[in-house]
Amino acid sequence: MRHPQDVFSAPRKILFVVGSMPLTHPRQSPDDDSGGGYEVTRLDLGRLHPSRPGLVTIATTVDDGLITSSRINIGNLHRGDEKLFEVRDYRQIPMLASRHDWTAPFIGETGAAHAIEEAMGITIPTRVAWIRTLLAEFSRITSHLIFLSWVGHHCDDTDLENSIATTIENARRVWQRCSGNRIHPMITRIGGLRIYPVSEWQPALGTWLDEADALVPRLHTALGAATGVRGVAVIPADMIDRYGLSGPVSRASGVDLDTRRRAAVYNELSWPDVATDSQGDAYSRLTTLCNDAIVSSSLCRQILDRLPSVDGPLETRLPTAIKAPRGRTWTTMEAPWGRAGYLLESRGGTTPWRMALRTPTFANVQVLEAVLPGTRVDDVTAAIASLGWTLGDLDK
């Protein structure tokens with residue numbers, strides 16, 4: 001029951017600022033003013049969370065502690081990838097695509113290469129397909145752990161947060177052994193891979209998977225005891241298609257749209273059974289990230305066991321000048337937060353006439369605007385943490 005004095009309280013206007021950048025441009029505030037009439041509240045999702053470096057603002061109206069309306073401004077932090085694609089040789093495009101989602105850069109570069117290969121009718125060697133799948137699942141685990149770092153921050157569990165930070169740093173060391181680069185591998189080539197011998201980094205990856213697996217039970221335990229995550233920002237199943245949601249967000253609402261099961265390599269692997277929670281709330285989405293890490297770890301281990309028996313080249317012989325035939329190609333890939341799409345339109349030249357990205361985190365932010373009304377002010381961070389984004393992926 002509301003306190004009698006609340007009967008006379010007026011609605012408040014709160015501008016939530018997600019990120020550490022200052023509000024310097026008028027259009028970052030609602031109604032093109034500098035925040036007049038809005039209480040500015042900064043949201044801190046933890047020192048490791050991908051939202052920290054940038055700036056997304058959410059203008060809300062609050063009545064009696066509940067959000068009644070919200071409007072999101074995603075800011076102006078795009079990478080400009082789609083325009084850069086138009087003036088780059090096809091061989092250069094995967095290097096650019098590695099940058100729009102820095103939590104899983106290998107998946108970005110592989111997805112772009114796949115679209116180009118599809119347009120040119122290139123069939124990649126079997127060995128390349130297996131290694132790409134291995135590294136994509138490795139990327140998925142790393143990305144999920146970065147977003148799950150919020151759990152340690154929210155629960156004030158410094159030890160858990162530090163353990164995740166150590167695991168992420170160790171993942172970058174594995175990438176360095178594998179590609180020579182810590183953050184952006186940039187090893188994907190059209191029709192192949194340019195990578196160090198598997199024997200140099202396979203043992204390190206196996207050890208890292210043990211480290212990541214040990215974190216998942218701790219995350220489940222912390223989530224089970226966490227306050228302000230259950231029943232928060234519920235997404236019913238009938239909203240999934242309307243907002244273009246996929247990945248862990250849709251699975252947490254009971255709608256499995258995982259595109260991996262239709263891929264050739266994945267069909268040869270055994271998928272582990274994991275407990276599912278399909279309530280569609282913040283708790284369900286965060287536990288789905290944990291479950292995804294378990295599945296991806298199992299898939300990685302199976303591929304590591306299979307690789308010694310998979311032989312063949314790592315590159316496809318290509319002409320000096322690569323030209324995609326005229327036409328339009330659409331391909332998809334299961335990125336950490338869901339279905340990533342690549343639209344390639346060629347007019348027969350050495351560069352795309354148009355190459356567009358369909359990023360899953362843009363859909364996450366779109367639905368966030370719809371589900372925030374009805375959420376308590378104190379629970380806004382949980383809603384945001386369970387519908388993650390990276391800045392280049394959101395505003396590409």
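Which residues does Arg-328 touch, leaving aside those up to four places away in sequence? The answer is Leu-343, Leu-344 and Glu-345. Keep in mind as we go that this is a predicted model.

Let's stay with Arg-328 for a moment. Arg-328 sits in strand E7, and with a relative accessible area of 60% it counts as exposed, because the cut-off for that word is over 50%. For a sense of distance, pick Leu-134, which is 194 residues away along the chain: the two C-alpha atoms are separated by 29 Å.

Now look at what E7 is doing. Strand E7 takes in residues 327-335, and it runs antiparallel to strand E8, residues 338-346, with nine bridges joining the two. A hairpin makes the connection between E7 and E8, using two residues. If you want one pair to click on, try Gly-327, whose bridge partner in E8 is Ser-346. In a regular strand, side chains alternate between the two faces of the sheet.

Zoom out a little and the hairpin turns out to be part of an open sheet of three strands, ordered E7-E8-E9 and paired antiparallel. The edges are taken by E7 and by strand E9 (354-358), and each of these pairs on one side only. From one strand to the next, the twist averages 15 degrees. Helix H3, residues 105-120, packs on this sheet and touches E7, E8 and E9, with its direction at about 150 degrees to that of E7.

There's another sheet to visit. Four strands make up this open sheet, in the order E2-E1-E3-E4, and the pairing is mixed. Strand E2 (39-43) and strand E4 (66-73) are at the edges; each has a single partner strand, so one side of each has no neighbour in the sheet. Here the twist averages 25 degrees from one strand to the next. Within the sheet, strand E1 (residues 12-18) and strand E3 (residues 56-63) run antiparallel and are joined by seven bridges. One pairing to look for is Ile-14 with its bridge partner in E3, Thr-60.

Between E3 and E4, in the loop, you'll find Asp-64. Most residues other than glycine have a negative phi. Asp-64 goes the other way, with phi near 55 degrees. Asp-64 is partly exposed, at a relative accessible area of 38%. Met-186 also has a positive phi, about 55 degrees, although it is not a glycine. Its place is the loop between helix H5 (158-179) and strand E5 (188-189), and Met-186 is partly exposed, with a relative accessible area of 25%.

Back at the four-stranded sheet, which helix lies across E3 and E4? That's H10, which runs at about 150 degrees to E4. Helix H10 covers residues 360-371, twelve in number; at 1.5 Å a residue they should span 16 Å, and the 17 Å between the end C-alpha atoms agrees with that. Its buried residues are Pro-360, Thr-361, Ala-363, Asn-364, Val-365, Val-367, Leu-368 and Val-371. As you step along that list, remember that an α-helix has 3.6 residues a turn, so residues three or four places apart point the same way.

What about the nonpolar interior? The largest nonpolar core has 91 residues, and Leu-135 and Trp-208 are the ones with the most contacts inside it. Helix H4, residues 126-154, gives the most to this core, contributing 14 residues. Trp-208 is a good residue to centre your view on: not counting residues up to four places away in sequence, it touches Phe-138, Ile-141, Thr-142, Leu-145, Thr-167, Asn-170, Ala-171 and Val-174. There is also a second, separate core of 25 residues, with Tyr-90, Leu-96, Ala-115 and Ile-116 among them.

Finally, a word on the annotation. An unreviewed UniProt entry marks residues 169-396 as "domain: NADH-quinone oxidoreductase subunit D". In this model that span is 42% helix and 12% strand, and its end C-alpha atoms lie 26 Å apart.

Methods: Residues numbered from 1 in each chain as written. Predicted model: local features only at pLDDT ≥ 70, side-chain atom pairs only at ≥ 80, totals over all residues. Heavy atoms only, no water. UniProt positions renumbered as here; feature names shortened; annotations may be inferred. Expected span 1.5 Å × (residues − 1). Buried < 20%, exposed > 50% of the residue type's maximum accessible area, 1.4 Å probe, protein only. Core = buried A, V, L, I, M, F, W, Y, C linked by side-chain atoms within 4.5 Å. Contact = heavy atoms within 4.5 Å. Pairing = 2+ DSSP bridges. Axes fitted to C-alpha atoms, helices over the stretch in contact; angles between N-to-C directions.
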